[in-house]
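Biologist: I should like to learn how the helices of a model are read. Please show me with an example.

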Amino acid sequence: MFEIPEAFTRGTTEREGARGAEWLAALPRIVEELLERWGCVPDGKVMHGGVGVIVPVRREAEGAAVFKVSFPHPGNVHEPDAFAAWGGCGAVRLHERDNERFAMLLERARVSTLAEVEDGDEVATVAGRINRRLAIPAPPGLPRLREQADAWEEQLRKDAEELTHALSPYVVDAAVATVRELGRTQPDTLVHGDLHGGNILRADREPWLAVDPKGYAGDPAYDAGTLLKSRALTLLQEDDLGRALLRALDVFAEAAQLDLERTRRWAQFHAVQAAFWGRRHGFRRARSGAGLDRLTEFADRMAELLTRPGPAHGCAPREG
């Protein structure tokens, strides 16, 4: 009998309220029905991420696999589309899908992740190479990141005006300039959308494979920011944070064959977004207290260090 992990139940209920509780009540039936339909048998302990449960299974055709079912949310809609487009090149293979129930049968990778690797250059190199492999022409129907540009700019300006923060005006201006100059003219390239060490797993078919994509069409350099944000706790230990940030971006951009300046600008944009998001909502790792203060301060510092003040990109410092 399928049992929902207690931590997943608690987190889903706290985040989604009554709708989450209703979905959790139906989840065991959903899992049992799809396992039967797809001819799978459970083969290990049930795991979970932030929005979905993962059941190790076996099926005669593929052998070891995993069954994943996620809470129904717009952000999860295009995950199987991305897997289908990649066809196993740089990411786990998709065997089956049920769009209505937000469920997939996927190739099984290992449980160890790139986030566990201590060598920062190796982390950035592997992530960059995966980024390059995933950057293929996007299929029709995926959300285009350029369509979010107006909302990004509006939210940045709203946050800067409404929130108490320590960001310099030119830092916010630089993020807005990135939206205007890069955000509205992005290519129709398939990008992961949430590429970081925790979403890159060791595997048997290849050394590393990506999981949990958002499935966007946009600029491959966009994912540099998600990689840096995910390494906050490691980077906080560096004696020279600015040097560490630029080193990580340099290694990532070279491995991904991306323009370094474009990569830096997207990373700076993500850092400003994170600094404001933390003030409004907290972070998954810390919702309040000293932990939240520490991560918010890190996001501020990262945004400042990744900004190049001056007239370029329309982000000259303001007087006063």
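Modeller: In this predicted model, helix 5 covers residues 169-181, and its 13 residues reach 18 Å from the first C-alpha to the last, close to the 18 Å expected at 1.5 Å a residue.

Biologist: How many of the residues of helix 5 are buried?

Modeller: A residue is called buried when its relative accessible area is under 20%. In helix 5, 10 of the 13 residues are buried, so this helix is largely enclosed by the rest of the structure. Among them are Tyr-170, Asp-173, Thr-178 and Val-179. The buried residues of helix 5 pack against helix 4 (149-162), helix 9 (260-281) and helix 10 (289-305).

Biologist: Which residue caps the N-terminal end of helix 3?

Modeller: Asp-119 does, with a side-chain oxygen 2.9 Å from the backbone nitrogen of Asp-121. Helix 3 itself, residues 120-134, reaches 21 Å. Its buried residues include Val-123, Ile-130, Asn-131 and Leu-134, and what covers the buried residues of helix 3 includes helix 2 (79-86), helix 6 (224-230) and helix 8 (241-256).

Biologist: How is the packing of two helices described?

Modeller: One gives the angle between their axes and the distance between the axes. For helix 3 and helix 8, the axes come within 7 Å and cross at roughly 35°, and the crossing is right-handed. Residues making the contact include Ala-124, Gly-128 and Arg-132 of helix 3, along with Ala-248, Val-251 and Phe-252 of helix 8.

Biologist: Into which classes do the residues of this contact divide?

Modeller: The contact of helix 3 with helix 8 has 7 nonpolar, 3 polar and 4 charged residues.

Notes. Residues are numbered from 1 along each chain as its sequence is written. This is a predicted model: local features need pLDDT of at least 70, side-chain atom pairs count only at pLDDT 80 or more; totals for chains, interfaces and linings use all residues. Side-chain values use heavy atoms; hydrogens and water are left out. Helices (H or I, at least four residues) and strands (E, at least two) are DSSP runs, numbered from the N terminus. The expected span of a helix is 1.5 Å times one less than its number of residues. Buried means under 20% relative accessible area, exposed over 50%, partly exposed in between (1.4 Å probe, protein chains only). Contact means heavy atoms within 4.5 Å. A polar contact is a pair of N or O atoms within 3.5 Å; within protein, one must be able to donate a hydrogen and the other to accept it, and residues adjacent in sequence count only if both atoms are side-chain atoms. Axes are lines fitted to C-alpha atoms, for helices over the stretch in contact, and angles run from 0 to 180 degrees between N-to-C directions. A crossing is left-handed if the near helix is turned anticlockwise from the far one by less than a right angle, and right-handed if clockwise. Ala, Val, Leu, Ile, Met, Phe, Trp, Tyr, Cys and Pro count as nonpolar, Asp, Glu, Lys and Arg as charged, and the others, Gly among them, as polar.
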